[in-house]
Structures are given as C-alpha cells and as structure tokens.
Amino acid sequence: MSPSVPLQEMIRAIRSARTQCEERGVIQRECAAIRAQFRQADNGGRSHTLAKLLYVHMLGYPAHFGQMECVRMIASPRYSEKRVGYLGAMMLLDEKQDASLLITNSIKNDLSHSNQYVQSLALCTLACMGSAEMCRDLAPEIDRLLRASNSYIKKKAALCAVHIVRKVHELGELFAPVARSLLSEKNHGVLHGAVVLIIELCERNPETLERFRKTVPDLVQIMKGLVLSGYSPEHDVAGISDPFLQVRILKLLRILGRNNEGASDAMNDLLAQVATNTDSTKTVGNAVLYETVLTVLDIKSESGLRVLAVNILGRFLLNNDRNIRYIAMTSLQKIVGTDHNAVQRHRGTIVDCLKDQDASVKRRALELSLALVSASNVRSMMKELLLFLSSCPAELRAHAASGIFNAAERYAPSQRWHIDTMLHVLITAGGDVRDETVPNLIQLITNASELHCYTVHKLYRALLTDISQQSLVQVACWCIGEYGDLLLRGDCQETEPVQVTEDDALDALETVLQSHMSSPATRGFALTATMKLSTRITDNVDRIRSIVSIYGSCIDVELQQRAVEYNALFKKYDHMRAAVLERMPVIEKNSPGHTNGESTKDIPTAKLKQGEPLLPPQQPANQVCDLLDLLGGSEETLQPSPAFGGTVPGPCINAASTAGGDLLDLLGGLELAPLTPAPPVPVYDKGGLTLTLTCEKQSDTGLTVTLTASNSTDSDISSFTLQAAVPKSVQLHMKAPSGDSLPARGAAKVTQMVVLNNPNKVNLKMRVRISYTHQASAFQDTVQIDSFPGLDAAGH
C-alpha cells in the first residue's frame, strides 16, 4: 500500500485484514506514512492525511502525534483544513492537554470571522473541550454572539454558553439577561438552546431561579403555540410539533414551579391541555406525556391534575413497550405515599405486571404491589403476592418474603390469618427469609393461645412433608416441644382430626436430628423439643433419654453441651425436670417491630437457641427456690441464667433451699456472692420525664445498671431511646430496652439495663443521652452520672 492511498482505500485495506495481527501491520505502515507527510513543509493533502489519522484513532490506536498538526490546521485560512483541524482537536485534545491552550487565540479569531460556518466550528470546539481558562477568556465573545442577528450562530452560542456555565459557575450571571431575551425568538433551534441554558442557570443559582420564575407566562405561551399549532413539516415528528422543544420546556416549567404556588397555578391549565391533547399511540407522544406527568407530580398542582397524571401512568402500564411500563411503575412508586388512592385504581394492572418476563419490570411491580397493600385489600393482595412468591425468580424471593412479612405484620385482619400467611411463606421460601423471622413467628404463636393446637397440627404436617426449609423446621420443632401435649391429644377443632402418637412425634424430631439438611441451629431446636416432650408424654421417656445421651459426644460443641446438661437433668436433677421444662410464658413485644426482622428489639427473650428450657411464669414457692438453687443456693435476688434464656417474673425471691446447690459443679463449682440492690436514685427530671438509676454489683469488676424512665405529662412520649458513654477502659453492653414509648401520667415505664465491666477499677462515670418525641416535637438532652449508689467505692 503506497503512502498516498486515499482514505477510502485505507479503510478497505483495514477491513479486509483477516487477523488482528494483519490489521496492526496495515495500521503501522499507514501511521508511518502519515508521520512522514506531517514532516513535509509544503503538504497539499494535510486535511486528507489528518482525516486518515482520525480514523485510526477511532479504531483505538495511538494518534497523539497528530495533536500539533491539528493546531496548525486550525490556524489555516482554508475552510477545508479548518474543519478537519477542529474535528481533530475535539477528538485528540482535551482540557488536560497543554496543546489545547495553543488553539485559544485561533478560536477567538474565528469567533469573529465573517463566515458563519467558521464561527460555528469554533463554537462547537469550545463547547466540546473548552477548559475553565479558555471559558473565562472567551465568555465575552460568546455573550456577543448570543446578541447577534444570525439564528444559526445564536443557537450554537447558547449551547456553548451551557458548557461555560458548567465549567465556571460564576459566569452564569453574564448570560442570564441575554438568555431571557432569547425566549422571544421564533427560531426553534434558538428557543431550544435558550431553554437549555436557562435550565442550567436555574439549577445552579437559587437567585437566578427566582428571577426566571417571571418567565413562566412566556414559556406557557410558547408551549401552547406548539401544542395547538397545525402541521409543520420542518418541526413535525410523528404528528407532534417539535417534541424535543416541548420536553425541554416542560422540564424548565417543572424546575420553576417546584415549591411555588404562583408559578404552579400559572401552568396548571397548560399541563392539563398537553395531557389531554397529546397522542399516546406513538413513542414521541409518550415522551411528551411522561415529561408532563413528571412536571405535574413535582409542582404544587391541583388534585384533579394529579389524578390525571396518575391515570396517564396507568395507561403506560398497558403499553407493549417494557421500557414504558418500567418508567411508569418507577414514577408510581415515588408518589404512592402521597397519592395512594389514585394509584390504588390501577392495582389490577400493577399486579398483572408481576407476570412480566422482564426481571426489572417484575421487581418494580413487586415493590409497587407491596406499597399498595392496605387494611382494606390485604387479603386479596396477599393471595396475589403469595402466588407470585411460589414462582418468582430466586433473586426476588428474599425481597418478596420480607415485604409480605412486613405487610402481614401491619395489616393482619386476625392472628390466624397472620400465622397462616407466615407459614405459607416459610413453606414456599423458608430458605430465603431472614434469621429474625423464626423468633418473631415464635412470639406470634406464643401470644395466640387459642391457636396453639391449630398451629402445632399444621406445623407437624408441614414438617412431615418437607424438612429442607430450615426456618420452617425450626418453628415446627419449637411448637412440637412446647405444645406436644396438644398435638398428641388430637382434639383440635380448627383442623382435620389427625391422630398423632408419641412415637410419631419423636420419629419426626429424630428425622430432623439425623438429616444431613439440618443445620446445627436446627438440630438444637430439635434436641430441645425432644427434651421438652419428656414432660409431655408418659410412655417414651426412656427413648428420649437415649436420644439425648447420643448427642453427649456430638462433634458440635453447642449440641454436645445441651445434651450433657439435659442428661444431668435426667439423672441428678430429675425432680426438677418438670419445672425446668415447663411451657414457655407469653413473650411481651417491647416495641413495634417488623416480622421480617427489621427490628432486633422485638422479642429478645425469644432469641434462644430454641429451647433452652424456660422457667415457668409462676411456681409454688418451694419449686421456685429449687430452681434458684441451680445457681448455688445463693440468697440474693437473681437474674435468670442466660443459658436458660428465660425470665422469672414476680417479686424478689429469697432462695433458702439448697436442694440443687451442686448442679453448678458442671461449671467447676462456680459461686456467686450475694448482692443487695440499692434503692432507685433519680438522675434526671425535666419536662415531666423522670429517669431513675439502680445498681447491682455482679462481681469485683462487674456492675449492672438499670435505668427506669417514666412520663408524668398528659400526653404520650414516643421514639424514646437512651445512649450511654463511659471511659475508654470500661466495657459497656446495653441490652434491649423494654420499649420505646412512655404512656401519659406514668401508666407504664421503660427500663434499660446496662452491663459494665471495670477491669482497671477506674473512677466510674457515665454520660447518658436521652432522645424522644413529645407532642410532635423532637427533644434531646444529656445527663452526667458521677456516683453509683450502693457500690463499694474501692471497687469502682
């Protein structure tokens, strides 16, 4: 290939290359020829040579050696060379290149050229790659051209001014006066450039935005002219008059009408006219309608106009184009909180989109469907969502389950319906729910005392059908352990009568224990359930003892520890087994939570590794004393052992009996010193909110602080939280509070336990931040606690 081949011949040679290596060879030979031609002093084909280099650059090969040639050709008096030179500058140069500064003077000269096409080349280049320094130097020239009489130049100068404003924000004030005057132009290109420039100015300067709000009537008149004008071949696109300009004007109106009543009122009639007169059968019309909808929803528009906008989005949902359906649901998602009833009218169409093949449309439809669930439609919507859950893609299953749990928690018409819904989700997608779902469902079942028989039968049948869903299996094992006597009785009126024997129940639990699909946590649930059945059945206690003893040598340490403790109950402490394995008390819900696990404070006592035996809510005095003897026969008021995950409600109990005092030999003869809690001491009293403190010394360095808050005002306090800070050497652990709301007139209190460890025995101080909402106002205060009553000063 000779060095002087035309551009078309070079393109043909490159395209005919069979391998990449052959293509690189052609490029290298041609680049060598281009370099040689650049070095020639008098080269008549300079533009032709540079055009070939630009094609090489487009293919991704290095072309930086042509930068100086671009600078030389821009300075050429020939238009043909200027055109290729400016094109090369836009492709090969940017504001980071030093060579870009060399063309500043050439651009300035060409902006004053008598030929409008030369001026156009300079404007396009400055708008494409002009640096901040170039923009500052050439901004007066652009302002001059904006005031010229030539429409061709003015429209390009307006777009160049947009680039300058983006690069140097303070130059916006220079262009604001002329930008407003451009709105009186008749040329659509100039109008389009002016609107884009005004949008840029308004978005960057609030003061400019206020000034341009006065132009709303002018913009409304321009827009009406476009909507009502007849056919114009110059501007018509699929029956719509200049849709590009219409979209830009609507965007500007949206910016000007946002948070402004007067501007919004001035454009309401126009928006209604555009929404009703624009053809929605073509993509062009849909683009204008969508921009109209965004404007209506973003300004302070009338309620009827907002309903009209929502109805337009509803029509978009019926469009065959998935992109249009997607943007419609995205827009509806943003307004479902403010225009809920209007969006509800399109609920059926939205639910139908759950069956769409496109994953992104399906996800948007799911989010919108969940947002549309309310107390009036919860049953019908849940049927659709549960049907979707059974066939939805794996990547959406967790999100769908979480949303269904939220909606069921919020709008459940009855406890049975709530339990059935959660169980349906666990059966369908038990492997995709959050970990907190299990304790939340356990709490729900515990509180529904009249449904215990129904629930345990239903879970037992589900366990026989499928043991692969770990969350379902854990809840089923827990219920069988707690309510096994109801399962064996078989007289449940809520479901079909099924006779379950003791062997059947134990077989089901043993299957879970032996299954390779069971996780260690699930086996823990099953083992504890098996142990609890020992107090609910009569004929198979030996079998239970055998099952438990097998896991005394299990490789899993957690499971092994449980088995050893349960074996000790069978042998040494069999007289206390019935009391220790008594049915779990009702779990109080401390704060409004979410059944999908959004809140970790919902049921702190339900987060046991299933089953650690729970102490009964009330026991005869001698039995309670025997239970307390598990901790060494101490005489102080004791908190329940974390190993049992339960609570001992009621007043302080003095444990005088030593009947079971040496069970703690399992832990090496641990002994606890008797403690006497100090009386409550007020530490904060302001605005009707009182905070008291009690201390309890747990060891030489350990301390438990209980903060109790009460509200003496006549209105409730909500969102109540406490935060604590201590010296760096002190370890602090805050347990879950008993609630986050304080009823009026001291009807209830909130307690917060704080566990402190002071290994260095430094002077103990604690700072507590109190945050709450009272009568729709947020309050925050801080209190410093320097003394802890009832403690030995030497120890803390």
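**A cavity and a sheet in a predicted model**

Reader: About how much space lies in the second largest cavity?
Author: The model is predicted. A search of the whole structure finds 3 cavities of 30 Å³ or more. For the second largest cavity, the space comes to about 40 Å³.

Reader: Which element gives the most to the lining of the second largest cavity?
Author: Three elements each give two or more residues: α15 (261-277), α16 (283-298) and α17 (303-316). Among the lining residues are L271, T292 and L305. With 4 residues, the top contributor is α17.

Reader: How many residues of that lining are nonpolar, polar or charged?
Author: The lining of the second largest cavity includes A275, V293, V296 and I312. L308 and A309 also line this cavity. The split is 8 nonpolar, 1 polar and no charged.

Reader: What is the order of the strands in the open sheet?
Author: The sheet has 3 strands, and their pairing is antiparallel. β6 (717-725) and β10 (777-785) are the edge strands, each pairing on one side only. From one strand to the next, the twist averages 15°. The order is β6-β9-β10.

Reader: Which residue in β9 does A724 stand opposite?
Author: β6 covers residues 717-725, and β9 covers residues 766-774. These two strands pair in the antiparallel sense over 7 bridges. In β9, the residue opposite A724 is V768.

Conventions:
Residues numbered from 1 in each chain as written. Predicted model: local features only at pLDDT ≥ 70, side-chain atom pairs only at ≥ 80, totals over all residues. Heavy atoms only, no water. Pairing = 2+ DSSP bridges. Axes fitted to C-alpha atoms, helices over the stretch in contact; angles between N-to-C directions. 1 Å grid on protein atoms, 1.4 Å probe; cavity = no way out; pocket = protein on both sides within 12 Å on 5 of 7 lines; lining within 4 Å. Points joined across faces, edges and corners; volume = space filled by probe spheres on them. Nonpolar A, V, L, I, M, F, W, Y, C, P; charged D, E, K, R; others polar.
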